[in-house]
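The points below are meant for a colleague who is opening this structure for the first time. Please read them with the model in view, since each point names the place to look at.

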Amino acid sequence: MSKEMLNALDALEAEKGISKEIVIDALEAALVSAYKRHYGQAQNVEVEFDGKKGNIHVYAVKEVTEEVFDSQLEVSLKEAMEVNKAYEMGDKIRFEVTPKDFGRIAAQTAKQVILQRVREAERNIIYNEFSAYENDIMQGIVERQDRRYIYVNLGKIEAVLSKQDQMPNEFYQPHDRIKVYVSRVENTSKGPQVFVSRSHPDLLKRLFEQEIPEVYDGIVEIVSIAREAGDRSKVSVRSTDPNIDPVGTCVGPKGQRVQAIVNELKGENMDIVEWSEDPAVFISNALNPAQVVDVIFDQNNSKACTVVVPDYQLSLAIGKRGQNARLAAKLTGFKIDIKPESEMEEYYAQLAENQETPEEEAHDEAIVTSDMTADEYENIAFEEKTAEDEEQV
């Protein structure tokens, strides 16, 4: 058994990356339990595995006492001195108690320990491998489904796709190849568990990185994404190079680049808009394809605004079931209230009445800073104007 055991440990270390010392420690602890279970020995048992020869020895540890009350735990000083005259009271002595048939028990125990360590090592390897893919995109094959999940084969592990992570416009069949976003990886008692998604907004970001080299290289940056999976998405982009049009780059010639992403998402509509530092411009772009007349920001709420659109563009700006306005709000981070231009005419008229021209403001300031009444100030201004006219004549 000794040679076979050492060869097995060496192979395990080479193939699975499991340290020989870790397996030996676990084996010794398991053999102690096995010995106690089969021979009813007390807790003072130690098992020693010879890492060079592969031999296994069982020892009973006894304490040197003046009077022996339990022969399994204690040994008299007289007996101890027969072994070695240097022993004193309170010393611990190890007596070998390896049974003749312990090799069979040891072999069975070793097999169980090694199999357990192999399973643990494989779980850790898979967990570490797929942890590196967390927040990334992978391609898998649909295996099967039940009431809770669709199971997607990623190669070494079967990932789960929950109902809320599925796209409502998709129907998954066994052997379908799909791209999924690895949302999280957990190391459970039953092994690694990988959760994937088809509805996560970052799936869209990873697809842009795959299809558009400028996005992958960072020349074109995706600033924000608003997505209603399977129906419509809005993506805001900006360019770090002033000579590159971010929207045109993402759309591609004849729309080929964005069409590849749309096809992967089974026809999900895509709006790509240019990000701007000016919130008014960004909000106008986000409401594309609707035209925007004006953006009025709420003085009491820095993240709220009213957007004015032509009357005939109102339904387009709001979108079907409010989808366009809702996605624009998610994309920009603003609470958007959309009003038709006709409703805002009264607001603009009132705003015009409240606003004064620069001449009027200067006139009012001159009256305020002087001690004159308005009539006195007007008379002086009239006399000065008449004097100027006479000098010109």
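1. Arg321 is a convenient place to begin, and with 62% relative accessibility this residue counts as exposed, because the cut-off for that class is over 50%. Please keep in mind throughout that the model is a predicted one. Arg321 forms a salt bridge with Asp231, and the closest N and O atoms of the two are 3.9 Å apart. Arg321 lies in the loop between helix 10 and helix 11, while Asp231 lies in the loop between strand 10 and strand 11, so the pair ties together parts of the chain that are 90 residues apart in sequence. Asp231 is partly exposed, with a relative accessible area of 30%.

2. For the wider setting, the protein has 14 helices and 15 strands. Of its 393 residues, 37% are buried. When contacts in the protein between residues at least 6 apart in sequence are considered, 59% of them join residues at least 24 apart. The protein exposes about 23800 Å², and carbon and sulfur atoms supply 47% of that area.

3. Helix 11, which covers residues 323-332, follows the loop that holds Arg321. How much of helix 11 is covered? The helix is mostly covered, with seven of its 10 residues buried, and these are Gln323, Asn324, Ala325, Leu327, Ala328, Leu331 and Thr332. The buried residues of helix 11 pack against strand 10 (220-228), strand 11 (232-239), strand 12, helix 9, helix 10 (314-318) and strand 15. Just after helix 11, Gly333 takes a positive phi of about 80 degrees.

4. Leu331 deserves a separate look within helix 11, and with a relative accessible area of 4% this residue is buried, because the class takes in values under 20%. If neighbours within four places in sequence are left aside, Leu331 is in contact with Ser224, Ile225, Ala226, Lys234, Val235, Ser236, Val273, Phe282 and Ala286. The last of these, Ala286, is 45 residues from Leu331 in sequence, yet the two C-alpha atoms are 7.2 Å apart in space.

5. Returning to charged pairs, the count comes to 16 salt bridges. In one of them the side chains of Glu129 and Lys156 meet, at 3.1 Å from N to O. That pair links distant parts of the chain, with Glu129 in helix 4 (residues 102-131) and Lys156 in the loop between strand 6 (149-153) and strand 7, 27 residues apart. Glu129 is partly exposed, at a relative accessible area of 27%, whereas Lys156 counts as exposed at 54% relative accessibility.

6. A further salt bridge brings together the side chains of Lys266 and Glu170, at 4.0 Å from N to O. Here too the pair links distant parts of the chain, for Lys266 sits in the loop between helix 8 and strand 12 and Glu170 in the loop between strand 7 and strand 8, 96 residues apart. Is Glu170 buried or exposed? Glu170 is buried, with a relative accessible area of 8%, whereas Lys266 counts as partly exposed at 47% relative accessibility. Salt bridges that share partners join Glu170, Arg198, Glu264 and Lys266 into one network.

7. Some points of backbone geometry should also be checked by eye. Lys266 has a positive phi of about 55 degrees although it is not a glycine. His175 likewise is not a glycine and has a positive phi, of about 80 degrees; its place is in the loop between strand 7 (158-162) and strand 8 (177-188), and at 68% relative accessibility His175 counts as exposed. The peptide bond from Asn288 to Pro289 is cis, with omega near 15 degrees, and Pro289 is found in the loop between helix 9 (279-286) and strand 13 (294-297).

8. Finally, please look at the surface for like charges. Which residues gather there in a patch of negative charge? They are Asp311, Glu341, Glu343 and Glu345. Glu341 has its place in the loop between strand 15 (335-340) and helix 12 (345-354), and this residue counts as partly exposed at 33% relative accessibility.

Definitions and conventions. Residues are numbered from 1 along each chain as its sequence is written. This is a predicted model: local features need pLDDT of at least 70, side-chain atom pairs count only at pLDDT 80 or more; totals for chains, interfaces and linings use all residues. Side-chain values use heavy atoms; hydrogens and water are left out. Patches are made of residues with over 30% relative accessible area and no salt bridge: like charges are joined within 9 Å, nonpolar side chains (Val, Leu, Ile, Met, Phe, Trp, Tyr) within 5 Å. Accessible areas come from the Shrake-Rupley method with a 1.4 Å probe; for residues, only the protein chains shown count as cover. Lys and Arg count as positive and Asp and Glu as negative; His and the chain ends are not counted. The place of a charge is taken as NZ of Lys, CZ of Arg, CG of Asp or CD of Glu. Helices (H or I, at least four residues) and strands (E, at least two) are DSSP runs, numbered from the N terminus. Buried means under 20% relative accessible area, exposed over 50%, partly exposed in between (1.4 Å probe, protein chains only). Contact means heavy atoms within 4.5 Å.
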